[in-house]
Amino acid sequence: MRIISIYNFGKVVNEVICTMYVCICHAVTEKQVRQAVSDGAVDVKTLKQKLGVGSECGRCIQATLEVIQSQMDKEPCYYEVA
Ligand code: FES
């Protein structure tokens, strides 16, 4: 967790920035998983290769699947069928 101060119309506003870790073993954050999904890593196998998620104890796999689904709901992938 990080607290930043923002000046907004002459007032100082403190804002708390939270970082959620999806994978503790490899210190992978939700933001990193979302970015990887946006870059095309849409399954756990690819994320495991790219970020190491799920390659140690495996407790993060369910959370990773939820982040993948959430990100794909935001940015659906469309495949063109020839
Ligand atoms: S928490 Fe991700 S492999 Fe252990």
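# Reading a predicted α/β chain

From the N terminus on, the elements of this predicted model run β-β-β-β-α-α-α.

Q: How many helices and strands does the protein chain have?
A: The chain comes to three helices and four strands. The strands come before the helices in the order β-β-β-β-α-α-α.

Q: Where is confidence lowest in the chain, and where is it highest?
A: The general idea first. Where pLDDT is low, the predicted coordinates should not be read in detail. Now this chain. The average pLDDT is 86, and 80% of the residues score at least 70. Confidence is lowest in strand β1, residues 2-8, at a mean of 66. Confidence is highest in α2, at a mean of 96.

Q: How are two packed helices described?
A: By the angle between their axes and the distance between the axes. Take helix α1, residues 30-38, and helix α2, residues 44-51. They pack at an angle of about 115°. Their axes are 11 Å apart. The crossing of α1 past α2 is right-handed.

Q: Which residues meet where α1 packs on α2?
A: From α1 come Gln32, Val33 and Ala36. From α2 come Leu47, Lys50 and Leu51. By type, the residues of this contact are four nonpolar, one polar and one charged.

Q: What makes up the largest nonpolar core?
A: Start with burial in the whole chain. Of the 82 residues, 18% count as buried. The largest nonpolar core has twelve residues. Among them are Val22, Cys23, Val28, Val53, Cys60, Val67 and Ile68. Val33, Ala36, Leu47 and Leu51 belong to this core, and these four also take part in the contact of α1 with α2.

Q: Which elements each supply at least two residues of this core?
A: They are β3 (21-23), α1, α2 and α3 (61-74). The largest share, three residues, comes from α1.

Q: What does Val53 touch, leaving aside its neighbours within four places in sequence?
A: Val53 is itself a member of the core. Its contacts include the core residues Val22, Cys23, Val28, Val33, Leu47 and Cys60. Val53 also contacts His26, Lys48 and Thr64.

Q: What share of the contacts joins residues far apart in sequence?
A: Consider the contacts with a separation of 6 or more. Residues 24 or more positions apart account for 40% of them.

Q: Why does Tyr21 count as partly exposed?
A: Count its C-beta neighbours. Tyr21 has 14 inside 10 Å, so it counts as partly exposed. Tyr21 has its place in strand β3. Beyond residues up to four places away, Tyr21 touches Ala27, Val28 and Thr29. Its C-alpha atom is separated from that of Cys60 by 9.3 Å, although the two are 39 residues apart along the chain.

Q: Where is Thr29, and what does it touch beyond residues up to four places away in sequence?
A: Thr29 lies in strand β4, residues 28-29. Thr29 touches Thr19, Met20, Tyr21 and Val22. Thr29 counts as partly exposed because it has 15 C-beta neighbours inside 10 Å. In sequence, Thr29 and Leu51 are 22 residues apart. In space they are 9.9 Å apart, C-alpha to C-alpha.

Q: Where is Ala27, and what is the sign of its phi?
A: Ala27 is in the loop between β3 and β4. Its phi is near 50°, a positive value in a residue other than glycine. Ala27 has 12 other C-beta atoms within 10 Å, so it is exposed.

Q: What does Ser38 contact, leaving aside its neighbours within four places in sequence?
A: Ser38, in helix α1, is in contact with Gln71 and Glu75. Ser38 is partly exposed, with 14 other C-beta atoms within 10 Å. Ser38 and Pro76 are 38 residues apart in sequence, yet 9.4 Å apart in space, C-alpha to C-alpha.

Q: Is Asp43, in the loop between α1 and α2, buried or exposed?
A: With 11 C-beta neighbours inside 10 Å, Asp43 counts as exposed. Asp43 and Gln69 are 26 residues apart along the chain. Their C-alpha atoms are separated by 9.6 Å.

Definitions and conventions
Residues numbered from 1 in each chain as written. Predicted model: local features only at pLDDT ≥ 70, side-chain atom pairs only at ≥ 80, totals over all residues. Axes fitted to C-alpha atoms, helices over the stretch in contact; angles between N-to-C directions. Left-handed = near helix turned anticlockwise from the far one by under 90°. Contact = placed C-beta atoms within 7 Å. Nonpolar A, V, L, I, M, F, W, Y, C, P; charged D, E, K, R; others polar. pLDDT = per-residue confidence, 0-100. Buried ≥ 20, exposed ≤ 12 C-beta atoms within 10 Å, placed from the backbone. Core = buried A, V, L, I, M, F, W, Y, C linked by C-beta atoms within 7 Å.
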